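These are my notebook entries on a single structure, kept in the order in which I looked things up. I turned to charges over rings, then to aromatic pairs, sheets and helix packing.

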Amino acid sequence: MTAPEPPGAPGGCPVAHGAAYGAGYGGAPHGGALPVGVPLTPLYGQAVADDPHGLYARLRERYGPVAPIELEPGVEAWLVIGYGELLELTRNEALFSKDSRHWRVPAEGRLAPDSRLQPMTAWRPTLLNLDGAEHQRLRAAVSDTLAQIDHRQLRETTEAAANGLIDSWGPDGTADLIGQYARALPLLVSTQLVGLPTGSGPRMIELISHFVDSGPESVRAAGEFQATLADLVRHRRTAPGADLTSWLLAHPAALTDEEAAHHLVVLMIAGNETCINWIGNTLRLLLTDRRFRATLTGGRLTVSDALEEVLWRDPPTQNFPGRWATGDTVLGGQYISAGDMLVLGLAAANADPAAQGAASAAQGSLGGNRAHLAWGAGRHVCPAQHPARIIVETAIETLLHRLPDLQLAVPSGELAWRPSPWSRALVALPVLYSAFTPPRPPVPERPAPAWTPPTPPVAPDPSPSGPSPSGSTPSDATSTGRTPDSGQPDRPSWWNSLAGWWSGR
């Protein structure tokens, strides 16, 4: 593709004109062909936390489907906010690579070693950072490993963990559904799935939060997180069990220890952060949007539909890095230079009127539509969406069954969001409740030995994608009945002990 040459920038790279362009961009040279004096919009801090939808709308109005942004002072990028343009970006590996080694910002010495962007942009030998045949090899290993998860057992494990957390709450009828539920539940489940000790959950949550927030502790947290999972890989290499780590190591793709550890980082961070935010954002919508709550309790909307609407309106990952241009080109009317970074604006692309229509956006009638981009697109679409959906759906159903009269404890305008450029995540979700539906009677107690993997899965569901979560039927109390494969949960009392320890009891 022959790209037109940007005005005033030979070769499409104004870096050579540092003095002229530096003044226009607050001292940061930029690789696109924007007029001198156009400021870069920061994609960090409170602006992206307080009103991201307003921010994306203003960017769309001013620049169209591809907008210039600043990821941190002196580090520029493009935010792709057009639905069609994002699809084009993700489907053209030859021109827009996943390999961050193409990025010219670090090559030019403009990315500090301790930059908060390092954990989310540094190259690693994973399916997220490779294209072509090597990406397919690693993706097959991850997809095949995830396919060994038994969906019925995953529902039972999640429901048992959810009940244990709820049982650990005090008798005063108050709770924080982020800190005491959404942030704890996925880690309780995923530590079992990968074969980590169950007590490692709280520390892993802290490290993941630092990692994805691109905050001051992100680099240190990334190193500790990587080291923890590298230790797990070494342990499972010599003592395999029935867990994701052991299955990944046993895959015919023959991953090295380094590759396996990096992929566990991907699975733990992407899986947990997605589930945490998806649970929190769905519960917020239920508690603050009367129309949404009424359609759910009235049986006109299933929990599965509710989850889809959240993926449209407030996806767990609002922006994702990234793609890197391998040559000069044009996208969405903007001149893109070789080495430019392009950020996937997942939330903004979902809000593109070209994707959903102004009427649908205004009415919020998107629950049954799965054409959103919350999972990405192209060959790098998320491979873990089915297990994530089971965990989140079970978490929502269990909570609404146990506490059918949940109410927000503060005005909705007081809810705060984490200032992450990547995640759409609440800081807290305080609630009140009075009715407390007891869980089913527990089965006899069984111990939880350290480093013991989950029970080996039974024969997988014969359907290609496992049990469909969309089969939820309303119950009398909450309109969110059990899906057909959820069964009676195996809820040993050690779950209650673990959840109580997590809550500080």
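**Entry 1. Charges over rings**

I began with Arg101, which lies over the face of Trp123, 3.9 Å from the ring centre. I note at the outset that the model is a predicted one. I then looked up Arg424 and found its charged end over the ring of Trp417, at 3.5 Å from the centre of that ring.

**Entry 2. Aromatic pairs**

I asked how many aromatic pairs the structure holds. The count is four. I examined Trp103 and Trp324 among them: the two rings form a tilted pair, 6.2 Å centre to centre, with 55° between the planes. This pair links distant parts of the chain, 221 residues apart. Trp103 belongs to the loop between strand 4 (96–97) and helix 5 (104–107), whereas Trp324 belongs to strand 6 (residues 320–325).

I next asked whether Trp103 is buried or exposed. Its relative accessibility is 3%, and because buried means under 20%, Trp103 counts as buried. Trp324, at 2% relative accessibility, counts as buried too.

I went on to Trp169 and Tyr433, which form a tilted aromatic pair with 6.3 Å between the centres and 45° between the planes. I located Trp169 in the loop between helix 8 (151–168) and strand 5, and Tyr433 in the loop between strand 11 and helix 21 (493–502), so the pair ties together parts that are 264 residues apart in sequence. I recorded Trp169 as buried, with a relative accessible area of 6%. Tyr433 counts as buried at 11% relative accessibility. I also noted a cluster, in which ring pairs link Trp169, Tyr181 and Tyr433.

**Entry 3. The six-stranded sheet**

I traced an open sheet of six strands and wrote down its order as 1-2-3-9-6-4, with mixed pairing. Strand 1 (41–42) and strand 4 are the edge strands, and each pairs on one side only. Trp324 of the first pair I examined lies in strand 6, which is a member of this sheet.

I then followed strand 3 and its partners. Strand 2 (residues 66–72) runs antiparallel to strand 3 and is joined to it by six bridges. Within this pairing, Glu72 has Val75 as its bridge partner, and Glu70 stands opposite Glu76. The two strands form a hairpin with two residues between them. In the turn I checked Gly74, which has a positive phi of about 90°.

I asked which way strand 9 (residues 341–344) runs against strand 3, parallel or antiparallel. The two strands run parallel, and three bridges join them. Leu79 stands opposite Val343 of strand 9.

I asked why strand 3 can be described as largely enclosed by the rest of the structure. Six of the six residues of strand 3 (residues 75–80) are buried, so the description holds. I checked the two faces separately and found both covered. Val75, Ala77 and Leu79 are buried on one side, and Glu76, Trp78 and Val80 are buried on the other.

**Entry 4. The three-stranded sheet**

I found an open sheet of three strands in the order 5-11-10, with antiparallel pairing. Strand 5 (174–176) and strand 10 (407–408) stand at its edges with a single partner strand each, so one side of each is left without a neighbour in the sheet. Strand 10 and strand 11 (residues 430–432) run antiparallel and are joined by two bridges. I noted that Gln407 stands opposite Leu432 in strand 11.

**Entry 5. Packing of helix 8**

I returned to helix 8, which precedes the loop that holds Trp169. Helix 8 packs with helix 20 (residues 385–402) at an angle of about 40°, and their axes are 9 Å apart. That angle makes helix 8 oblique to helix 20. I recorded their crossing as right-handed.

I looked up helix 10 (residues 185–194) as well. It packs with helix 8 at an angle of about 135°, with the axes 9 Å apart. Helix 8 and helix 10 are therefore oblique to each other. The crossing of helix 8 and helix 10 is right-handed.

Note on methods:
Residues are numbered from 1 along each chain as its sequence is written. This is a predicted model: local features need pLDDT of at least 70, side-chain atom pairs count only at pLDDT 80 or more; totals for chains, interfaces and linings use all residues. Side-chain values use heavy atoms; hydrogens and water are left out. Buried means under 20% relative accessible area, exposed over 50%, partly exposed in between (1.4 Å probe, protein chains only). Helices (H or I, at least four residues) and strands (E, at least two) are DSSP runs, numbered from the N terminus. Two strands pair if DSSP finds at least two bridges between them. Rings of Phe, Tyr and Trp (its six-membered ring) pair if their centres lie within 6.5 Å; planes under 30 degrees apart count as stacked, over 60 as edge-to-face and the rest as tilted. A charge sits over a ring if NZ of Lys or CZ of Arg is within 6 Å of the ring centre and within 35 degrees of the ring normal. Axes are lines fitted to C-alpha atoms, for helices over the stretch in contact, and angles run from 0 to 180 degrees between N-to-C directions. Angles under 35 degrees count as roughly parallel, over 145 as roughly antiparallel, 65 to 115 as roughly perpendicular and the rest as oblique. A crossing is left-handed if the near helix is turned anticlockwise from the far one by less than a right angle, and right-handed if clockwise.
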